[in-house]
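Let's take a stroll through a protein together. Keep the sequence and the 3D view open while you read.

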Amino acid sequence: RIARTPATVLITGESGTGKSLLAREIHAASGRTGRFVEVACGSLSETLLESELFGHVAGAFTGATTDRDGRFLEADGGTIFLDEIATASPAMQVKLLRVLQELEFEPVGSGRTRRVDVRVVLATNENLEPLVAAGRFRADLYWRINVVAIEMPPLRNRASDIPALSEFFLRKAVAAADRLVDGFTPAAIDALMAHTWPGNVRELQHAVERAVFLGRGNLIDVHDLPTTVLAGTRSHANSSSPLKEALASPERQLILEALERAGWRRDLAA
């Protein structure tokens with residue numbers, strides 16, 4: 001419903017849940033003809049991030065020998081995805097607020113204002129509300145980016161996805177390894193379902209790839225899986241979580257499935 005709108009989207013969720021993938025799908029369904037440009041804000045210092053986003057002119061700083069377009073200009077007509085937005089410094093937050101409000105900026109070292117037509121999607125694996133309360137994230141920027149918020153749930157809260165995701169990653173890994181692997185043994189599926197997946201979908205992908213690359217049979221078995229997965233399975237089997245906690249995940253899944261079938265009408269779902 002929001003892909004073809006110009007609404008700013010904030011994607012939240014733990015690392016490895018697929019926030020970048022969702023951002024790309026929003027762009028693909030948006031109908032925008034420009035590029036999808038991704039920027040990992042946490043991987044750059046404040047000075048480099050400003051130049052990366054807005055570009056610079058020759059002589060703006062040591063090493064700037066030529067003019068360079070920034071990522072916002074590269075995304076003109078398309079979508080810019082700002083990952084790890086919680087890591088942005090206070091000064092950078094001020095600059096981002098202006099760009100989001102007016103879609104205007106000046107390259108570093110330039111007095112010339114540039115204007116772009118760009119859709120902004122942001123992501124964070126941190127809860128921004130406590131950062132706002134602590135004064136580490138600007139409240140006005142938070143309310144500006146929190147137009148449409150989408151939470152990517154952790155894999156442990158959607159265990160029913162694990163078999164389908166495992167089969168998908170298996171097919172990709174088999175093609176890359178040029179091996180004949182038909183699937184998983186029931187014991188392997190049980191082990192995958194029992195693990196809590198702290199690394200979420202990314203951890204599952206790597207576990208399946210490792211099993212394909214190192215396994216010898218035509219079925220992935222328990223002994224082909226990483227020891228961390230098996231250790232998590234044993235820990236899960238020996239745990240005695242409260243009944244309410246143990247039932248929360250399947251109950252949530254059942255409610256979501258009922259809402260999907262009912263077209264998100266709560267009266268019909270009930």
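Is Arg35 buried, partly exposed or exposed? Arg35 counts as partly exposed, because its relative accessibility is 47%. The labels work like this: buried means under 20% relative accessible area, exposed means over 50%, and partly exposed is in between, using a 1.4 Å probe and protein chains only.

A quick word on what you're looking at. This is a predicted model, where local features need pLDDT of at least 70 and side-chain atom pairs count only at pLDDT 80 or more, while totals for chains, interfaces and linings use all residues. Residues are numbered from 1 along each chain as its sequence is written, and side-chain values use heavy atoms, with hydrogens and water left out.

**Charged pairs**

Back to Arg35, which has a charged partner. Glu74 forms a salt bridge with Arg35, and their closest N and O atoms are 3.7 Å apart. Glu74 sits in helix α3 (residues 71-74) and Arg35 in the loop between α1 and β2 (36-40), so this pair ties together parts that are 39 residues apart in sequence. A salt bridge here is a side-chain nitrogen of Lys or Arg within 4 Å of a carboxyl oxygen of Asp or Glu. Helices (H or I, at least four residues) and strands (E, at least two) are DSSP runs, numbered from the N terminus. Like its partner, Glu74 counts as partly exposed, at 26% relative accessibility.

These two also belong to something wider: Arg35, Glu52, Arg68, Arg71 and Glu74 are linked in a network of salt bridges. How many salt bridges turn up in the whole structure? The search finds 15. Here are three of them, with the distance between the closest N and O atoms:

| Pair | Closest N and O atoms |
|---|---|
| Glu74 and Arg35 | 3.7 Å |
| Glu106 and Arg98 | 2.7 Å |
| Arg265 and Asp267 | 2.8 Å |

In the second pair, Glu106 is partly exposed with a relative accessible area of 26%, and Arg98 is partly exposed too, at 27% relative accessibility. From the third pair, Arg265 comes in at 45% relative accessibility, so it counts as partly exposed.

**The largest pocket**

Now for some empty space. The largest pocket has a volume of about 1,300 Å³. Of the 40 residues that line it, the closest to its centre are Leu22, Ile150, Glu151, Met152 and Pro153. To find a pocket, a 1 Å grid is laid over the protein atoms alone: a pocket is an open set of points with protein on both sides within 12 Å along at least five of seven lines, and lining residues have an atom within 4 Å of a point. The volume is the space filled by probe spheres set on the points.

Which element gives the most to this lining? That's α1, with six residues. Among the other elements that give two or more residues are β6 (119-124), β7 (148-151) and α7 (162-177). By type, the lining divides into 17 nonpolar, 10 polar and 13 charged residues. Here Asp, Glu, Lys and Arg count as charged, Ala, Val, Leu, Ile, Met, Phe, Trp, Tyr, Cys and Pro as nonpolar, and the others, Gly among them, as polar.

Helix α1 also holds Arg24, which counts as partly exposed at 42% relative accessibility. The C-alpha atoms of Arg24 and Trp197 are separated by 23 Å, and the two residues are 173 apart along the chain.

**Strands side by side**

Both β6 and β7 have a partner in strand β1 (residues 9-12). Four bridges join β1 to β6, and the two run parallel; Thr12 has Thr124 as its bridge partner in β6. With β7, β1 again pairs in the parallel sense over four bridges, and Val9 is partnered by Val148. Two strands pair if DSSP finds at least two bridges between them.

**A helix with two sides**

In helix α8 (residues 186-194), Ala188, Ala191, Leu192 and Ala194 are buried. They cover an arc of only 165 degrees around the axis, which puts them on the same side of α8. That arc is taken from the directions from the helix axis to the C-beta atoms. On the face turned away from the buried side you'll find the exposed residues Pro186 and Asp190.

**Two unusual backbones**

Most residues other than glycine have a negative phi. Asn200, in helix α9, has a positive phi of about 60 degrees although it is not a glycine, and Asn200 is buried, with a relative accessible area of 0%. Trp264 has a positive phi of about 65 degrees and sits in the loop between α11 and α12 (266-269). Trp264 is partly exposed, with a relative accessible area of 46%.

Technical notes:
On a 1 Å grid over the protein atoms alone, a cavity is a set of points where a 1.4 Å probe fits but cannot get out, and a pocket is an open set with protein on both sides within 12 Å along at least five of seven lines; lining residues have an atom within 4 Å of a point.
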